[in-house]
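Open the model in your viewer and keep the selection box handy. We'll go stop by stop: you select, then we look at what is there.

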Amino acid sequence: MVSPGLAVPTVTFVVALAVLLAASDAFVSAAERVGLAAGASPFIVGATVVAGGTSLPELVASTLAVRAGAPEIVVGSVVGSNVANILLVLGAVAVVGRSFRVNRELMRVDLPLLMASAAFLVVTILTGPFVWYEGLIGLVGVAAYVHFTLSEERRLDEVVEEIVSEHAAGDAPVEATPGAVSAGERTAAEAAAETTVGLKTYATLAVSVAVVFVSADQLVGSILSIAAALDIGAELVAVTAVAIGTSLPEIAVSVAAVRRGAVEIAVGNVLGSNVFNSFAVMAVPSLIAPVTVPESVRGYALPVMVLATMLYYFITQDRELTVWEGVVLLVLYAAFLANLATVT
């Protein structure tokens, strides 16, 4: 039975997280539409979504956590989300999708950047707080990731097709046909001509931004209340509840992508989210105040993140993730959660 002191913050946490995810999705969708109508290339819009759209909730919540004097939530959220993305999300995708092949371009670009971002996180937080100049290096890492994403348009063709289809003035989907110009090659003028933006879009953009910040603020407050009620560190709530909560939409999107054959979207979004977490979600809050690293993260969650990253790197060297490997990833995530009790 949930204690009276835990019931209210738990309900607040669930509601705030759900609202935060919904508002973030609405903001990204409205921003896509405004970008296309303003003449931005659909490919650039797609690359931006892949790079940071899925990490928006963690980024805002982490920034507000630092301002609230709870920087331990930042590293807990980042490390916990990275572990969940690899073990939980990719594990679930492999099991539900009945195995899948990993695109060669993802192997050439995303996996090395994933390893580099994990190494960056280890080096910067093992020796002490994550500080502002390390944050600047992290932002350079984000820029490098976006640069490599932009270097290969074909890997984003389907993402761009979905964006153009969703925001085009008509209801007909955009489909790639033999000999036709792909969505990734559409000009900014063509996309702008197909996309209309009215008062509703701008209102959605403004309201969703406000809701993102209000819900993220409530989320941070509920995390602190839950941690106090359970007499545990706030970072452990972030490592578990926040990481799992923000991963649920990722699981749904990734499984749907694999089922329609868009493996690059499923895997690329997950790996891109980890890269963005390690670089940007750590970097931005550190520009406000140093991000302290609790021992529970440094001594347990961080090593698990490193091992999960290395495990994923090695099991995908044959460019395939099988059902049984997915099961192993899920079992390892369950073990990770179970063993958290030993560090409380």
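Start by selecting W132, Y133, L136, L139 and L287, which together make a nonpolar surface patch of about 500 Å². A patch here is built from residues with over 30% relative accessible area and no salt bridge; nonpolar side chains (Val, Leu, Ile, Met, Phe, Trp, Tyr) are joined within 5 Å, and like charges within 9 Å. Areas like this one come from the Shrake-Rupley method with a 1.4 Å probe, and for residues only the protein chains shown count as cover.

Before going on, a quick note: this is a predicted model, where local features need pLDDT of at least 70, side-chain atom pairs count only at pLDDT 80 or more, and totals for chains, interfaces and linings use all residues. Residues are numbered from 1 along each chain as its sequence is written, and side-chain values use heavy atoms, with hydrogens and water left out.

Now keep just L139 from the patch. It sits in helix α6, residues 132-150. Helices are DSSP runs of H or I with at least four residues, strands are E runs of at least two, and both are numbered from the N terminus. Is L139 buried or exposed, or something in between? It counts as partly exposed, because its relative accessibility is 33%. The cut-offs are under 20% relative accessible area for buried and over 50% for exposed, with partly exposed in between (1.4 Å probe, protein chains only).

**Next: the whole chain**

Zoom out and colour by secondary structure. You should find 13 helices and 2 strands in the protein chain. Of its 344 residues, 53% are buried. The chain's accessible surface comes to about 14500 Å², and carbon and sulfur atoms own 67% of that. Contacts (heavy atoms within 4.5 Å) are worth a look too: of those with a separation of 6 or more, 87% are between residues 24 or more positions apart.

**Next: a pair of helices**

Select residues 72-96, helix α4, together with residues 323-339, helix α13. How do you describe such a pair? Two packed helices are described by the angle between their axes and the distance between the axes. For α4 and α13 the angle is about 145° and the axes are 7 Å apart. The axes are lines fitted to C-alpha atoms, for helices over the stretch in contact, and angles run from 0 to 180 degrees between N-to-C directions. The crossing of α4 and α13 is left-handed, meaning that the near helix is turned anticlockwise from the far one by less than a right angle (clockwise would be right-handed). Show the side chains where they meet: on the α4 side you'll find V83, I86 and L90 among others, and on the α13 side the residues include V327, L330 and F336.

**Next: a salt bridge**

How many salt bridges does the count come to? The answer is 1, using the rule that a side-chain nitrogen of Lys or Arg lies within 4 Å of a carboxyl oxygen of Asp or Glu. Select E295 and R298 to see their side chains meet, at 3.8 Å from N to O. These two are separated by about one helical turn because they are 3 residues apart in helix α12, residues 295-315. E295 counts as exposed at 55% relative accessibility, whereas R298 is buried at 18%.

**Next: along helix α9**

Select residues 199-230, helix α9, and pick out S222. S222 is buried, with a relative accessible area of 2%. Leaving out residues up to four places away in sequence, S222 touches P9, T12 and F13.

Move to A216, also placed in α9. Its relative accessible area is 0%, so A216 is buried. Draw a distance from A216 to A16: their C-alpha atoms are 6.9 Å apart, though their positions lie 200 residues apart in sequence. A216 also touches L20, V60, A61 and L64, again not counting residues up to four places away.

V214 lies in α9 as well, but V214 counts as exposed, at 54% relative accessibility.

**Last stop: just past α9**

Select D231, in the loop between α9 and α10 (234-259). D231 counts as exposed, at 71% relative accessibility. What is the phi of D231 near? It is near 55°, a positive value in a residue other than glycine. Most residues other than glycine have a negative phi.
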